[in-house]
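Colleague: Could you take me slowly through the nonpolar parts of this model, inside and at the surface?

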Amino acid sequence: MRTKRVPFGVAVGAALALVSQRAWAEELSAESSADRAVRASYEAAAARSAGRSAQARVDDASYAFLPRLGLSARYVRLSDFTPSPLFPFAIAATGAPAGTVSPPTVSTGPVSIAPILDSYALDATLTLPVSDYVLRLARGLQAAKHGRDAAEWDSVVAAARARLAGKISFYEWIRANASVDAAQRSLAEARAHLADVKNQFGQGNTSRADVLRVDSAAASAEAALAEAGAQRATAEARLRTLLHLPEAEPLSTRDGVSAPLGLIAQNEAEWLSEAYRTRAELRGLDAAEASARAQAGVARAAYVPTAGVFANATYANPNPRYFPSEAAWQATWAVGVSVTWTPTDIPGAQAGATEADARGDALAAQRNALRDALAVEVVQHFESARAADAKVVATDQQLESASEAYRVTRSLYANARATTSNVLDAEADLARARLAWVNARVDARVARARLEHAAGRDQGAVAP
């Protein structure tokens, strides 16, 4: 039997299709949603751009330490003119040998220097601002570095917010999925009960009123399922928008609300201490305050004179330092020390320093206010997480109790020992217990995510 050979192009296309299918079928989790939310966040992207801008300011402040080298090339064409004589009288000259008695003389007339109409010059000047290295440039570099650190911590804050949003959006999506599953089970039970009641009505064992009541309960279960489906569609749209997922990409996950929850081992004081150590907002405010203090120091540098050294080299035709001028290229150099001081700049510098110090004081006050807010935020989310855990335990028991009560009531109804009202009540209790169980477990996950964010744990993965 001969086998058919598959064309190479078809095989490659099939392989790429399989790879693409696996890529499209990537399963989401809370962590992967958080990571993708950071990559998709416009706020985080803007913070990263601000960080690059701050790094550019650091580079600019570093380059200021380089000696200032100035190069220039110049050509000048002068208008032609008749120069004034150097001496307003004539000079007598003779060509006779020295020692000749009464030599013949010739008057030369007034003496003048012919102008050079074309001028060329090449200049190089090297300046070292010696005092600025200590008073201005070093402090300016320090201020730029602190500003860069503040921008980097702002980037961490933006990324942590995106991570938290990604996790919560994922949890809301699995909540919606679990709610749809619970509504489907409640609808299936309502329809099964409706079938039983109709069967009993056909046998004359129940009334039409009971049939209508159960039919109404089934319709309510269908409405609840439709509402749960709408909530799931909204949660999925919110998750896709946050993660920038295309509509064609299917969403799937192995994480469910029934997964076990980790324990909250620390107490409030330990969580708060961790928040004070790790929250990027506090570190960013520290860096911003340090930058403002350094900028105040830069402004105060104008209080004192500025000293520097310089060196200059000139290669010109004609060179103005040669006299008389001649149309020839000649080189000269010069070195020196300069001290400059502008006392009228002091009031403006003082105002700038005062403004920078006031900005630093404001940032310090913001940091202290944030510490007070963290004290409340951490305790709030810690207590919410503990309450959510207690609610998980309670809803586990409620669901078990409601499930058993529904099973027993259905069995009694099948043996004509329970009424339709008993079954409807058991169904309603079970439906509420299922939704409460779902909500409690998702709320516990959300509470843990908020507590970890309050303590700064989600900022460690993106810290500079």
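What follows is a short exchange of questions and answers.

Modeller: This is a predicted model, in which local features need pLDDT of at least 70 and side-chain atom pairs count only at pLDDT 80 or more, while totals for chains, interfaces and linings use all residues. Residues are numbered from 1 along each chain as its sequence is written, and side-chain values use heavy atoms, with hydrogens and water left out.

Colleague: Which element gives the largest share of the largest nonpolar core?

Modeller: A nonpolar core is a set of buried Ala, Val, Leu, Ile, Met, Phe, Trp, Tyr and Cys residues joined through side-chain atoms within 4.5 Å, where buried means under 20% relative accessible area, exposed over 50% and partly exposed in between, with a 1.4 Å probe and protein chains only. In the largest core, which has 26 residues, Leu28, Phe170, Tyr171 and Val257 touch the most other members. Two or more residues each come from α2 (30–40), α4 (130–202), α5 (208–243), α8 (346–414) and α9 (420–455), helices here being DSSP runs of H or I with at least four residues, and strands runs of E with at least two, numbered from the N terminus. The largest share, eight residues, is given by α9.

Colleague: Is Ala387 buried, partly exposed or exposed?

Modeller: Ala387 belongs to helix α8, and its C-alpha atom is separated by 9.3 Å from that of Ala447, 60 residues apart along the chain. Ala447 is among the 14 residues of another core, which lies apart from the largest one. Because the relative accessibility of Ala387 is 46%, this residue counts as partly exposed.
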